[in-house]
Amino acid sequence: MIMPERARGIILLGAAAALALAPTPSRGQEAAKAKTVELREYQGEKLDPIGRFSENSIIGPRRVDIKAYRLKVGGLVDRPMSLTYDEVLARPSKSRVIVIHCVEGWAVKVLWEGVPLAALIDAAGAKPSANTVIFRSADGYSSSLPLAYIRQKDILLAFKMNGLTMPEERGFPFEVAAEGKWGYKWAKWVETIELSDNPDFRGYWESRGFNNNGDLSGPRFEKR
Ligand SMILES: Nc1nc2c(c(=O)[nH]1)N[C@H]1C(S)=C(S)[C@@H](COP(=O)(O)O)O[C@H]1N2
Ligand SMILES: [Mo]
């Protein structure tokens, strides 16, 4: 087609404008999409849907008011901390596929994303006498883990499951992803992380007879 120079220029300008206006997804839209689509596979590994859990927490799901929420790190530390949800999420995080097993007989394989607990504890500065970490939750639940295990296994304080913000019924805002331990060691709705020098502290289920070490490989119940 032959047309005057000026007309061709206008058509080119029009094409450029159309391209600029084309509905390419914005970063915000991409982020919103990423938040709503559950991952079902990670690095070639199939994941279970997070809806497969059976809700069996002691008094039912908690609804945490995230504006008022503070994660406290205290007890035997040099610098007690009180962090907002955003302050925790701003820290470096890691992702790992881990199966959670409940003593009731079910297991779910999920991609967990969270902040390494050891880094949080180091930021607060654990005193040399600290050897146990006690987690206390919004529903009055508690459970503990050895500090050495948290460091060796690089245990995560999880805030995402299968790429989604942790659902309320699963423990929003944070759940301890206690790899290698029974589900009762995976404290949900965590509010305080307390460094202690008492390895015999017994949490909710542990004080009701479940093994305090919680190892998947060990016996569920302890002879007392
Ligand atoms: N705060 C809190 N955390 C908790 C529990 C609970 O009752 N309260 N139950 C534990 C148990 S026994 C299991 S198996 C896992 C997963 O429980 P869910 O299936 O109820 O999510 O959460 C653990 N963490
Ligand atoms: Mo459980």
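This report walks through the ligand site and two unusual backbone spots of a predicted model.

**The ligand and its neighbours**

A good place to start is ligand 1. It is surrounded by 20 residues, and the closest are S54, I58, D139, W186 and K188. Sorted by class, this shell holds 11 nonpolar, five polar and four charged residues.

Some of the contacts involve pairs of polar atoms. The table lists three of them, with the protein side and the ligand side of each pair.

| Residue | Protein atom | Atom of ligand 1 | Distance |
|---|---|---|---|
| N56 | side-chain N or O | oxygen | 3.0 Å |
| I58 | backbone N or O | oxygen | 2.8 Å |
| S137 | side-chain N or O | nitrogen | 3.4 Å |

I58 thus appears twice in this picture: as one of the closest residues to ligand 1, and as a residue whose backbone comes within 2.8 Å of a ligand oxygen. On its own, ligand 1 has 520 Å² of accessible area, and the protein covers 98% of that.

**The pocket**

Where does ligand 1 sit? The space it takes is the largest pocket. This pocket contains about 410 Å³ of space. Its lining is made up of 22 residues, with N56, Y141, G183, Y184 and W205 lying nearest the centre. N56 therefore deserves a second look when you view the model: it is among the residues nearest the pocket centre, and its side chain has an N or O atom 3.0 Å from an oxygen of ligand 1. By class, the pocket lining counts 13 nonpolar, four polar and five charged residues.

**Two backbone spots to look for**

Away from the topic of the ligand, two loops are worth a visit. In the loop between β9 (156-161) and β10 you will find N162. Although N162 is not a glycine, its phi is positive, at about 50°.

The next stop is the loop between β10 (164-165) and β11 (175-177), which holds P173. The peptide bond joining F172 and P173 is cis, with an omega of about 10°.

How values were computed
Residues numbered from 1 in each chain as written. Chains lettered and ligands numbered in written order. Predicted model: local features only at pLDDT ≥ 70, side-chain atom pairs only at ≥ 80, totals over all residues. Heavy atoms only, no water. Near = heavy atom within 4 Å. Polar contact = N/O pair within 3.5 Å; in protein donor to acceptor, adjacent residues only side chain to side chain. Areas by Shrake-Rupley, 256 points an atom, 1.4 Å probe, with all protein chains shown as cover. 1 Å grid on protein atoms, 1.4 Å probe; cavity = no way out; pocket = protein on both sides within 12 Å on 5 of 7 lines; lining within 4 Å. Sits in = over half its atoms within 2 Å of the grid points. Nonpolar A, V, L, I, M, F, W, Y, C, P; charged D, E, K, R; others polar. Points joined across faces, edges and corners; volume = space filled by probe spheres on them. Helix = DSSP H or I, 4+ residues; strand = E, 2+ residues; numbered from the N terminus.
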